[in-house]
Amino acid sequence: MLKRRDFLAAGVASVIAAQASPTLAQPAPAAAPAAAGGDWNDGLAHPIPYAPKLGTGKARGLVLGGGGAYLASWMTGYFHALKSKDVDLAEADIVVGTSAGSIMGAALTGGHLWRLRSELDLLGDFPKLFAMLIPTMAPNPSQLRARHIANAATEATPEVISSIGRAAMAARNPAGPSDYYTTVKRLIGEEAWPSPKLHTTANDCYTGERVIVSQSAGIHINEACAASSSLPGSMGPTWLKDRLCMDGGICQTSTHADVVAGVKKALVISLTDGSADAVKIGLRIAGLPNTLQQEVKDLEAQGTQTKLKVVGLLPGVTYVDSLMDPKWISPCLQNGYERGLADAAEMKAFWGTA
């Protein structure tokens with residue numbers, strides 16, 4: 001008799017097989033304005049810090065940083081453990097998600113976290129399915145170039161970010177601009193924006209501007225999450241309206257905590273502590289400065305009670321060769337779940353009463 005896992009495996013395999021069939025292309029971007037000085041203000045670009053303060057008048061904010069399949073799996077286990085102890089992070093009044101954090105934010109606010117847990121369990125057991133869904137084969141030279149430029153960057157100016165963006169646009173990724181958003185749809189299971197609470201981040205490849213997407217933008221959630229997780233030299237980039245965008249972590253902030261400024265309390269979950277060592281041990285792809293610690297100080301200085309949870313390396317691990325390697329899914333799910341159980345009392349005291 002076939003078990004449930006066999007049915008799941010067969011279902012995922014059939015989805016992957018369907019990728020070989022032609023899919024509807026994303027609509028082409030609109031033509032540029034006739035005049036050189038045409039209006040390009042689409043409402044998506046937001047300088048750092050974000051203004052006005054979106055958290056004003058709100059009780060609880062949730063900030064979810066990026067970190068590939070590694071962090072997505074860890075957060076899934078962590079959230080699941082907290083939920084089992086009556087700590088529901090979906091009760092946040094405002095959520096900002098970056099890269100993997102955008103996908104987690106979509107699953108959490110859309111009520112699909114527990115389905116995502118089942119899918120990650122499956123992909124952890126069948127890594128070849130993950131590799132077919134999100135190609136992880138040896139990179140080609142154009143991908144290596146984009147990754148090197150991002151890794152070697154030491155400044156977070158718009159000029160440096162746009163130079164990474166140009167390399168991202170020139171990379172020949174298997175999951176490229178025409179199809180990565182469909183891959184993300186299969187991961188999160190929806191197109192409709194799950195909640196007005198959710199905000200996702202990205203960076204404009206051409207201008208280097210920080211982009212924030214919310215329900216009011218009229219963009220599908222899978223497109224927003226795809227742009228937020230379009231790692232240069234790996235996936236995407238992805239169109240957001242008329243902007244070709246890359247990973248939200250390709251700037252000085254890995255979490256964009258400024259988006260929830262003004263909230264009464266904020267939980268910030270980050271893969272790293274913001275130190276420069278993160279690149280050396282494989283926990284951050286871009287060599288740009290990371291303002292995480294200053295962002296936390298800024299929130300606290302503005303009256304927000306802030307708790308920072310740093311995931312870091314798993315016990316016994318000294319280096320992460322690839323944050324997208326499916327080999328991390330099972331151990332990160334397990335470690336996240338164990339950390340969640342250990343943190344439950346602390347988190348209930350912090351989060352339980354708005």
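Pro52 sits in the loop that runs between helix 1 (4-18) and strand 1 (60-64). In this predicted model, the peptide bond leading from Ala51 into Pro52 is cis, with omega near 0 degrees. A second cis bond joins Gly236 to Pro237, with omega near -5 degrees. Pro237 is also a loop residue, placed between helix 9 (221-228) and strand 5 (238-240).

Two residues stand out for their phi angles. Most residues other than glycine have a negative phi, and most peptide bonds are trans. Ser99, in the loop between strand 2 and helix 3 (100-109), has a positive phi near 55 degrees. His256 has a positive phi of about 60 degrees, and it is not a glycine either; this residue belongs to the loop between strand 6 (243-246) and strand 7 (265-270). Ser99 counts as buried because its relative accessible area, 8%, falls under the 20% cut-off. His256 is buried as well, with a relative accessible area of 0%.

The loops belong to a protein with 12 helices and 8 strands. Of its 354 residues, 52% count as buried. The protein exposes about 15,100 Å², and carbon and sulfur atoms supply 57% of that area. Among contacts with a separation of 6 or more, 81% are between residues 24 or more positions apart.

Next comes the interior. In soluble globular proteins, nonpolar side chains tend to be buried together. Here the largest nonpolar core has 66 residues, and those with the most contacts inside it include Leu62, Tyr70, Phe79 and Ile269. Helix 2 (residues 68-84) gives the most to this core, with 9 residues. Ile269 shows how separate parts of the chain come together: leaving aside neighbours within four places in sequence, its contacts include Val63, Leu64, Trp74, Phe79, Thr255 and Val311. There is also a second, separate core of 15 residues, with Val259, Val260, Ala261 and Leu292 among them.

After helix 2, the chain enters the loop that leads to strand 2 (94-97), and Val87 is found there. Is Val87 buried or exposed? Val87 counts as buried because its relative accessibility, 3%, is under 20%. Which residues does Val87 contact, leaving aside its neighbours within four places in sequence? They are Leu82, Ala344, Met347, Lys348 and Trp351. The C-alpha atoms of Val87 and Ala345 are separated by 9.1 Å, although these two residues are 258 residues apart along the chain.

Conventions. Residues are numbered from 1 along each chain as its sequence is written. This is a predicted model: local features need pLDDT of at least 70, side-chain atom pairs count only at pLDDT 80 or more; totals for chains, interfaces and linings use all residues. Side-chain values use heavy atoms; hydrogens and water are left out. A nonpolar core is a set of buried Ala, Val, Leu, Ile, Met, Phe, Trp, Tyr and Cys residues joined through side-chain atoms within 4.5 Å. Buried means under 20% relative accessible area, exposed over 50%, partly exposed in between (1.4 Å probe, protein chains only). Helices (H or I, at least four residues) and strands (E, at least two) are DSSP runs, numbered from the N terminus. Contact means heavy atoms within 4.5 Å. Accessible areas come from the Shrake-Rupley method with a 1.4 Å probe; for residues, only the protein chains shown count as cover.
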